[in-house]
Amino acid sequence: MAAAAGRNLMRRRIFFLFAQAALAVALFVATILHSAIADRERAFPTGAIRIGVDASYPPFAVDEDGALRGLDIDLAAAIAREIGMPAQFRNIGFYSLYDALISGEVDALVSSLPIDAARADDVRYTSDYFNNGLVLVSAADSPSLDIENLAGQRISFEYASSADSLLRGWSASSSELQRMPYELPTYALDALRLGHADAALTDNLTYRFYQRQHSQWASASQFITHDPYAIAVRRDNHDAWQLIEAALGQLRAGGELARLSALWI
Amino acid sequence: MQQEPLGLSQQFVQTQKPQVCVHTLLENEVEATKILRSLEMTRELGAGTIVQFFPWAYVEWQAGQYDWKRTDSIVRLARLQGLHIIARLGLVPGWARNPGTTLTNLPDAAFADFAEYAAAFAARYAADIQRIIIWNEPNLSAEWGFQPVDPARYARLLAVSYARIKQANPAAVVLAGALAPTLEKPGSRVGLNELDYVAALYQLGAQEHFDALAVHTYGFRAAPEVPPHPDQLNFRRVELLRQVMVNNGDSHKPITITETGWNDHARWLHAVRPSQRAAYTLRAFQYAEANWDWLATMCIWALRYPADLRGYPDGYTLINAEFLPKPVYFELQAYARGWAAQESLWLRPPGET
């Protein structure tokens, strides 16, 4: 009698343990499934990704009769497709972008934003998608320039620009460097292309555009400074950051980011 | 604030252009060494004068008790660099404001308190500071405590302050205005254009209560030679203000431009290219020198911010927060100190040579 009761108790315990295990597995699977769905819902609770953009900065974003166009627009739309939600754009003045993000009016800023460490308490940036730092450009068939020794080299640049500031510092350490200031950075690149200068120092965006306009001209470049552009989300919206960063990674790995950059820049 | 550096000796400004001046922002600087470096770089620039803000709220943060430690230090360090100071007074301490208002909100009941501070300031620094600006941009609602702008109230503030300053230091020069350049029409909630505002001051008889007019005039995207027009903001807009003074029989009073400049920030719609900024700044001084005999001093906004703001205001500074001079600093220095000027700031486009 007591033995039969013990076996029954054992069976009930085994059954209970199996039931507990099955419930735990079911909960685990449900949590994972729910998490994958809930991430998007938590990140973008309106059912769309609300993108803040300053559409006054070609070729990244411009407003053409109400239609937004540019690299930032195409990139944000591609990210939204990767995430599987629609993108809604809001054209906001550059100096109101962060207020719109922090106040929750938008979910992300895709607006060629330089990374600003001072905003780290409020904002988290993704990895960068464009570097608008200064590049030292030389003709492709000339010997590569050693920035540690520019003595005797003729360097063209835009007068009073950040390139000018940098070169003033270089000039102090390499007195033989020949400074060639021009009113516009495109003139500095003209000087290089026409053989008046040995190198030009300009921002990457200007150089990329110039290359596009002079596709027959072969040139080489190296970054001298870095000015990365990245996407910003609210620091407390970790889900949004994860989703956008993952989407950006997919676009980068799949070549779509490079294609968009080539299309617009 | 840190202790002042020791062993400083008297310096002198070497300049060929005594009208060159910069607006400094030393009131929010923590380290005395940075105040000193800012003033040294002002002297090295060849600017003999600074405009500097001395907030009432920083000095008399307890009613009736003046804490002059910070202002004493700034004035002493400027004197040791051989610099003149144009003092701008404003910013209301908490005890003088109505609850829930901003630091630019000055109730009528506190006009006399502000005037007492202005008089105490004028007396204390009589040996060093002669020019005192009453308030900043009172033609903007934001600078007038987010109330509707009111020339009549400003005229009353001017009258009370003028009388007390003159009692404290009869040699003091009281500057009115420092109005913001704006196109706001009467009735606007934002402000009132400075032409109508100054005209209203004259209608109110305020000319008895200022010795000179302080003017803010910015170039925005226009070259310095572009003629003025009431519906446009540009550098020569100051000439329209001058005409208001002349129309009211005040042509004998000088004008001091206490804020001017161009901005070269890449992401601001009202900015110009860096090369234009440098060229326009030089040409502005040259234009003023050649055409404006009524101009006493012209001050560039701004020498430096205590920290870079990572926004368009950075495009106005001559040196960055790390004390690295921008190229426009060097060009202004060459002008002020009379060093051999280049024929052109830049080379001709390669295609034209």
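**Salt bridges, an interface and a small sheet in a two-chain model**

Let's start with one pair in chain B. Asp211(B) and Lys166(B) form a salt bridge, with the closest N and O atoms 3.0 Å apart. Where do Asp211(B) and Lys166(B) lie? Asp211(B) is in the loop between α6 (194–203) and β6 (212–218) of chain B. Lys166(B) is in helix α5 of chain B, residues 151–168. The two are 45 residues apart in sequence, so the pair ties together separate parts of the chain. One reminder before I go on: this is a predicted model.

Now the general idea. Side chains of opposite charge can pair when their charged atoms come close. How many salt bridges does the structure hold over all chains? The count is 33.

Next, chain A. Chain A has 265 residues, and 43% of them count as buried. It holds eight helices and 14 strands. Take its contacts with a separation of 6 or more: 74% of them are between residues 24 or more positions apart.

Look at Asp164(A). You will find Asp164(A) in helix α4 of chain A. Is Asp164(A) buried or exposed? It is buried, at 0% relative accessibility. Leave aside the neighbours within four places in sequence. Then Asp164(A) is in contact with Phe157(A), Glu158(A), Tyr159(A), Arg179(A) and Pro327(B). Note the last name: Pro327(B) belongs to chain B.

Arg179(A) deserves a second look. The side chains of Asp164(A) and Arg179(A) meet in a salt bridge, at 3.2 Å from N to O. Helix α4 (residues 162–173) holds Asp164(A) and strand β11 holds Arg179(A), so this bridge ties together parts of chain A that are 15 residues apart in sequence. The two ends sit in unlike surroundings: Asp164(A) is buried at 0%, whereas Arg179(A) is partly exposed, with a relative accessible area of 29%. And the story goes on. Salt bridges with shared partners join Asp164(A), Arg168(A), Arg179(A) and Glu331(B) into one network.

That takes us to the interface. The size of an interface is often given as the accessible area lost when the parts come together. Here the area buried between chain B and chain A is about 2200 Å². Carbon and sulfur atoms give 61% of that area. The contact takes 25 residues from chain B and 28 residues from chain A.

What about charge? How many salt bridges does the rule find across the interface of chain B and chain A? It finds four. One of them joins Glu158(A) and Arg273(B), with the closest N and O atoms 2.7 Å apart. Polar contacts between the chains come to ten residue pairs, both residues at pLDDT 80 or more. Now take the side of chain B that touches chain A. Two elements give two or more residues to it: α8 (274–291) and α9 (327–336) of chain B. By class, that side has 14 nonpolar, five polar and six charged residues.

Here is another crossing pair. Asp116(A) forms a salt bridge with Arg310(B), the closest N and O atoms being 3.8 Å apart. Both partners are in loops. Asp116(A) lies between β6 (108–114) and β7 (123–125) of chain A. Arg310(B) lies between β8 (295–301) and α9 of chain B. Asp116(A) is buried, with a relative accessible area of 8%. Arg310(B) is partly exposed, at 44%.

Back inside chain A, to helix α5, residues 185–193. Which residues of this helix are buried? They are Pro185(A), Ala188(A), Leu189(A), Asp190(A), Ala191(A) and Leu192(A). What do they pack against? Four strands and a helix of chain A: β9 (134–139), β10 (154–158), β11 (178–182), β12 (199–203) and α6 (204–213). After α5(A) comes Gly195(A), with a positive phi near 85 degrees.

Last stop: a sheet. Strands of a sheet pair through backbone hydrogen bonds, either parallel or antiparallel. Chain A has an open sheet of three strands, in the order β2-β3-β4, with antiparallel pairing. Which strands are at the edges? They are β2 (56–57) and β4 (67–69) of chain A, and each pairs on one side only. β2(A) pairs with β3 (residues 61–64) of chain A over two bridges, in the antiparallel sense. To see this in the structure, find Ser56(A): it stands opposite Val62(A) in β3(A).

Definitions and conventions. Residues numbered from 1 in each chain as written. Chains lettered and ligands numbered in written order. Predicted model: local features only at pLDDT ≥ 70, side-chain atom pairs only at ≥ 80, totals over all residues. Heavy atoms only, no water. Pairing = 2+ DSSP bridges. Contact = heavy atoms within 4.5 Å. Buried area = accessible area lost by both parts, 1.4 Å probe. Polar contact = N/O pair within 3.5 Å; in protein donor to acceptor, adjacent residues only side chain to side chain. Nonpolar A, V, L, I, M, F, W, Y, C, P; charged D, E, K, R; others polar. Buried < 20%, exposed > 50% of the residue type's maximum accessible area, 1.4 Å probe, protein only.
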